[in-house]
Amino acid sequence: MYGDGPVFKAEGASFRDQPYGRELPQGLWTTGLCDCHQDGHICVQTAIMPCISFAQNTEIVNRGTIPCMDAGLIHLALGFVGCCWLYAFPNRSRLREHFALPEEPCGDVWVHLFCNSCAICQESRELKNRGADPSISWLSNVEKWSREKVTPPIVVPGMNR
């Protein structure tokens, strides 16, 4: 569904052995929607050019199947007509699926419609806090995880019946 990239499995001993496995709350956001001040770089970058932050997040969330440049240009074009939230909210849904996060404080579409910049910042912080650096490409993250012998922080979605 999202490519053949590495994934993180939240079960088993391998999860507990990861440096971030014990510290992060499972099924909870690590920061709030309006905690933009927690990462000044992401906050300023998103305030000036949200398409860049969004594009970086998109490449990671989609495991490199959507290139950063493509995502950024689409977001920028839709932003000119006030519809970038239409492209952004499915990304938040995928991120929540990867990390089993709740749909808070309201539905993804509403978060991006009314708080698009805050949502993009929160998503960047979430990726960063869980071990995926949005400022570098998906392939660079994979190389970093391989070099550091760390399990990639992308949760395998559970099976639904």
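**Exercise 1. Locate L76 in this predicted model and describe its surroundings.**

Solution.
Step 1. In the predicted model, L76 belongs to helix α4, which covers residues 68-80.
Step 2. The relative accessible area of L76 is 31%. Buried means under 20% and exposed means over 50%, with partly exposed in between, so L76 is classed as partly exposed.
Step 3. Once neighbours within four places in sequence are set aside, L76 is in contact with M49 and C51.
Step 4. For M49, the separation from L76 is 27 residues in sequence, while their C-alpha atoms are 8.6 Å apart in space.

**Exercise 2. Determine how α4 and helix α5 pack, and which residues make the contact.**

Solution.
Step 1. Helix α5 spans residues 84-99, and its axis lies 7 Å from that of α4, at an angle of about 140°.
Step 2. Angles over 145 degrees count as roughly antiparallel and those from 65 to 115 as roughly perpendicular. The pair at about 140° meets neither condition, and α4 is therefore oblique to α5.
Step 3. On the α4 side, the contact is made by A71, I74, H75, L78 and G79; on the α5 side, by C84, Y87 and A88.
Step 4. Sorted by class, the contact contains six nonpolar residues, two polar residues and no charged ones.

**Exercise 3. Compare the UniProt annotation of residues 71-89 with the model over that range.**

Solution.
Step 1. An unreviewed UniProt entry lists residues 71-89 under "transmembrane region".
Step 2. In the model, the chain over residues 71-89 is 84% helix and 0% strand.
Step 3. The C-alpha atoms at the two ends of residues 71-89 are 13 Å apart.

**Exercise 4. State whether E123 is buried or exposed, and name its contacts.**

Solution.
Step 1. E123 is placed in helix α6, residues 108-129.
Step 2. Its relative accessible area is 1%. The limit for buried is under 20%, so E123 is buried.
Step 3. Apart from neighbours within four places in sequence, E123 is in contact with N57, R92, L95 and H112.

**Exercise 5. Examine the backbone at R63, A100 and P105.**

Solution.
Step 1. R63 is not a glycine, yet it has a positive phi of about 55°. R63 lies in the loop between α3 (50-61) and α4. With a relative accessible area of 10%, R63 is buried.
Step 2. A100 is likewise not a glycine and has a positive phi of about 55°. The loop between α5 and α6 holds A100, and this residue is partly exposed, at a relative accessible area of 48%.
Step 3. P105 is also found in the loop between α5 and α6. The peptide bond from E104 to P105 is cis, with omega near -5°.

**Exercise 6. Summarise the protein chain as a whole: which elements does it contain, and what share of its residues is buried?**

Solution.
Step 1. The protein chain has seven helices and zero strands, and along the sequence the pattern reads α-α-α-α-α-α-α.
Step 2. The chain comprises 161 residues, of which 41% count as buried.
Step 3. The exposed area is about 8400 Å², with 61% of it supplied by carbon and sulfur atoms.
Step 4. Consider the contacts between residues at least 6 apart in sequence: 69% of these join residues at least 24 apart.

Methods: Residues are numbered from 1 along each chain as its sequence is written. This is a predicted model: local features need pLDDT of at least 70, side-chain atom pairs count only at pLDDT 80 or more; totals for chains, interfaces and linings use all residues. Side-chain values use heavy atoms; hydrogens and water are left out. UniProt positions are given in the numbering used here, feature names are shortened, and annotations may be inferred rather than shown by experiment. Helices (H or I, at least four residues) and strands (E, at least two) are DSSP runs, numbered from the N terminus. Buried means under 20% relative accessible area, exposed over 50%, partly exposed in between (1.4 Å probe, protein chains only). Contact means heavy atoms within 4.5 Å. Accessible areas come from the Shrake-Rupley method with a 1.4 Å probe; for residues, only the protein chains shown count as cover. Axes are lines fitted to C-alpha atoms, for helices over the stretch in contact, and angles run from 0 to 180 degrees between N-to-C directions. Angles under 35 degrees count as roughly parallel, over 145 as roughly antiparallel, 65 to 115 as roughly perpendicular and the rest as oblique. Ala, Val, Leu, Ile, Met, Phe, Trp, Tyr, Cys and Pro count as nonpolar, Asp, Glu, Lys and Arg as charged, and the others, Gly among them, as polar.
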